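Here are some notes to read alongside the model, set out as numbered points. Please keep the sequence and the structure open while you go through them.

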Amino acid sequence: MYIIERKIMHYPLPNSSSPTQFNQHNPINNLVVMDSPRKPSSFSTNLFFFLLLLSTNLLTLLLSSTFYSSCSLNPLITAASTLTTPHATSTNSVSATQGSDYASESSQTNLDLPSEFLAFTSGQLLPFGFNTNFDSDTIYPPAGQACTLFSDELRRYMTYKVNGSCPDDELLSQKLLLKGCEPLPRRRCRPAAQPDYVEPYPLPTSLWTTPPDSSVVWTAYTCKDYSCLINRYRTQKGFDDCKDCFDLQGREKTRWAAKQSNVGGGGGLDFTIDEVLATKKPGTIRIGLDIGGGVATFAVRMRERNITIVTTSMNLNGPFNNFIASRGIVPLYISISQRLPFFDNTLDIVHSMHVLSNWIPTTLLHFLMFDINRVLRPGGLFWLDHFFCVGEQLEEVYGPLIESIGFNKLKWVVGRKLDRGPELKEMYLSALLEKPLRNSW
Ligand SMILES: *[C@@H]1O[C@H](CO)[C@@H](O)[C@H](O)[C@H]1NC(C)=O
Ligand SMILES: *[C@@H]1O[C@H](CO)[C@@H](O)[C@H](O)[C@H]1NC(C)=O
């Protein structure tokens with residue numbers, strides 16, 4: 001059925017050089033409009049296209065009961081959709097329009113969007129019809145609604161050769177994602193890759209070994225190899241994200257392992273993994289999430305304790321996701337804006353260091369805290385590690401905000417953040433919070 005419907009797009013559309021006139025959700029009108037942009041449509045044209053539509057649908061029905069090859073993609077279509085612009089979507093809307101009010105919803109807004117974006121996001125009929133789990137016969141693949149706010153970037157991102165190589169545009173796509181086009185739309189192309197990729201080191205060597213430079217496409221970063229990244233905290237000024245993280249022989253080596261206060265005055269803000277785990281029955285912390293986990297040293301240490309942690313990270317001026325994966329840890333490329341991709345009451349622990357801080361809009365942070373609460377199981381731990389803000393913000397805004405979620409406080413340590421100078425009056429909060437075993441309602 002999929003294939004047959006897709007074929008409809010090969011009908012020659014008269015005057016298809018005026019795609020801006022195209023109303024993708026009303027195929028009958030489209031055809032008429034495109035046929036005669038200015039004249040009012042005559043009854044006979046209407047009738048003709050109505051019959052055309054009817055016959056293709058009857059054909060669809062007939063053929064779909066004959067073939068069951070809904071899982072194969074007709075290669076013709078892939079090739080054709082590089083050429084066709086709005087046509088690809090007209091197919092979907094032909095189907096989506098029937099028996100639904102989809103047509104009237106968003107026909108105005110889609111006029112100026114890239115065809116591949118429309119091809120991805122338009123409703124797609126389920127090959128076997130209505131599905132009770134979905135309560136629908138149509139899937140609308142999600143791409144953040146905000147994508148359409150950035151039409152220039154979106155157009156650049158979605159302009160590529162279908163079935164070809166994707167543009168090497170990591171920076172563009174990450175910016176688009178970070179400002180709200182998340183999840184990014186899928187693309188039908190192959191990502192840029194190193195020509196001389198070598199397979200990763202085996203475990204457990206991979207956990208603490210710098211991977212080869214050939215595991216990364218370096219285009220998007222200031223540094224062009226790992227030795228540059230490892231040395232940048234010595235050689236470069238400024239506050240790059242996680243600047244000294246790539247040096248596995250440096251600070252990473254002791255993070256969360258030993259009391260930092262013994263080494264350099266952590267003021268009790270540096271909890272160790274073992275003291276955190278000791279707050280629960282042995283073995284009951286098994287799976288979890290580290291939000292904005294740098295190079296995933298937290299997950300590596302947890303792995304050494306047989307605990308599985310998924311690490312979210314962006315690639316802010318460094319190949320964090322590649323590095324994490326090379327170590328043998330699962331990287332998750334999502335920003336702090338997106339709903340966490342876990343089911344309610346499932347994770348044993350959520351950790352986050354430095355990332356959750358006052359740079360996040362307060363309302364967004366409030367939603368985020370509730371989402372962390374949602375994915376944690378009852379009795380699960382939320383380790384808020386070095387949250388930072390300025391001066392009175394902690395007492396006036398963030399303390400109450402965090403407390404309002406309703407966690408039990410196992411540890412709550414406030415200290416001064418001095419790395420950028422005492423005059424900035426920056427504060428740290430490290431907290432170990434526990435989701436109550438019983439909800440209070
Ligand atoms: C898609 O690309 C692959 C790899 O380049 C090629 O083998 C295949 O024939 C292409 N398919 C179409 C339909 O162009
Ligand atoms: C992790 O699991 C392995 C295999 O079950 C076991 O041999 C090892 O002792 C465990 N390590 C820790 C720290 O519990």
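1. The protein chain, which is seen here as a predicted model, has a secondary structure of 16 helices and nine strands. Of its 441 residues, 29% are buried, and among the contacts with a separation of 6 or more, 66% join residues that are 24 or more positions apart.

2. In soluble globular proteins, nonpolar side chains tend to be buried together. The largest nonpolar core in this model has 52 residues, and the members that touch the most others are Val295, Ala296, Ala299, Val350, Phe382 and Leu384. Strand E7, which covers residues 376–390, gives the most to this core, with seven residues. A second core, separate from this one, consists of eleven residues, including Leu118, Leu176, Leu177 and Cys181.

3. Which residues is alanine 299 in contact with, once its neighbours within four places in sequence are left aside? They are Asp290, Gly293, Ile309, Thr311 and Ile329.

4. Helix H14 runs over residues 320–327, and its buried residues are Phe320, Phe323, Ile324, Ser326 and Arg327. Seen down the axis of H14, these buried residues fall within an arc of 160°, and they therefore line one face of the helix. An α-helix has 3.6 residues a turn, so residues three or four places apart point the same way.

5. The buried residues of H14 pack against helix H13 (297–303), and also against two strands, E4 (308–312) and E5 (331–332). After H14 comes glycine 328, which has a positive phi, near 100°.

Notes:
Residues numbered from 1 in each chain as written. Chains lettered and ligands numbered in written order. Predicted model: local features only at pLDDT ≥ 70, side-chain atom pairs only at ≥ 80, totals over all residues. Buried ≥ 20, exposed ≤ 12 C-beta atoms within 10 Å, placed from the backbone. Helix = DSSP H or I, 4+ residues; strand = E, 2+ residues; numbered from the N terminus. Arc of directions from axis to C-beta. Contact = placed C-beta atoms within 7 Å. Core = buried A, V, L, I, M, F, W, Y, C linked by C-beta atoms within 7 Å.
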